[in-house]
Amino acid sequence: MSSAEARTDESAGILLVDDMEDNLIALEAVLGSLNEPLIRARSGEEAMKALLRRQFALVLLDVRMPGMDGFETAAHIKRLDQTKDVPIIFLTGVEDDSGYAFRGYATGAADYLTKPFDPWVLRAKVSVFLDLHRKNQQLERLLARQRADYEEVNKQLAALETELADPQRTQVRELRQLLGRF
């Protein structure tokens, strides 16, 4: 099984990226009822490793972190083919510069929330992204099945064309004679 196949067979999961333990605990408390795996990362580097190990439906990303901050982490996420389509919701303190929101969206964020956030709003937004992720996976499975069916029909048509092209086949000669009468 390839790593891409391994990544799509797992349940969605939500990546929680924050360097503060209290913030991670709060996110887990708010999102625990969604019954999706909640994976923690305490830095941008840890987040990137987690994203390369498994598939996520969504990343909740703190803006301010030591080392690689949220904006740098988001830029790395959006740069990789494997992770570029994973939606990101930035979370930041209310005192942060208003330019942070613009920078967050410019980096590829799907949304931007300030702390303290309303738990109901966060859970609702995350639920929407989980639903979109599930629907995308359904579409991918349907397309893969459709491609496999198409390839099978093409193989059967190629075999039939080969058989019909053989003038020595008795059944083909009889069929041609029968068709020639019309």
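A surface patch is built from residues with over 30% relative accessible area and no salt bridge; like charges are joined within 9 Å, and nonpolar side chains (Val, Leu, Ile, Met, Phe, Trp, Tyr) within 5 Å. A salt bridge is a side-chain nitrogen of Lys or Arg within 4 Å of a carboxyl oxygen of Asp or Glu. Accessible areas come from the Shrake-Rupley method with a 1.4 Å probe, and for residues only the protein chains shown count as cover.

This is a predicted model: local features need pLDDT of at least 70, side-chain atom pairs count only at pLDDT 80 or more, and totals for chains, interfaces and linings use all residues. Residues are numbered from 1 along each chain as its sequence is written, and side-chain values use heavy atoms, with hydrogens and water left out.

Start with the overall plan. The protein chain has seven helices and five strands. Helices (H or I, at least four residues) and strands (E, at least two) are DSSP runs, numbered from the N terminus. From that end, the elements run α-β-α-β-α-β-α-β-α-β-α-α. Of the 182 residues in the protein chain, 36% are buried. Buried means under 20% relative accessible area, exposed means over 50%, and partly exposed lies in between (1.4 Å probe, protein chains only).

Now look at helix α6, residues 119-165, where L164 sits. L164 joins V153, L157 and L160 in a nonpolar surface patch, with about 330 Å² of accessible area together. L164 counts as partly exposed because its relative accessibility is 38%.

Helix α2 (residues 21-31) packs against α6 at about 70°, with the axes 9 Å apart. Axes are lines fitted to C-alpha atoms, for helices over the stretch in contact, and angles run from 0 to 180 degrees between N-to-C directions. So α2 is roughly perpendicular to α6. Angles of 65 to 115 degrees count as roughly perpendicular, under 35 as roughly parallel, over 145 as roughly antiparallel, and the rest as oblique.

Move to helices α4 (residues 70-79) and α5 (residues 99-107). Their axes come within 9 Å and cross at roughly 15°. That makes α4 roughly parallel to α5. F71 lies in α4. F71 is buried, because its relative accessible area is 4%. The C-alpha atoms of F71 and R103 are 7.7 Å apart, although 32 residues separate them along the chain.

Two loops finish the tour. Most residues other than glycine have a negative phi, and most peptide bonds are trans. N35, in the loop between α2 and β2 (38-41), has a positive phi of about 60°. A cis peptide bond joins K115 and P116, with omega about -5°.
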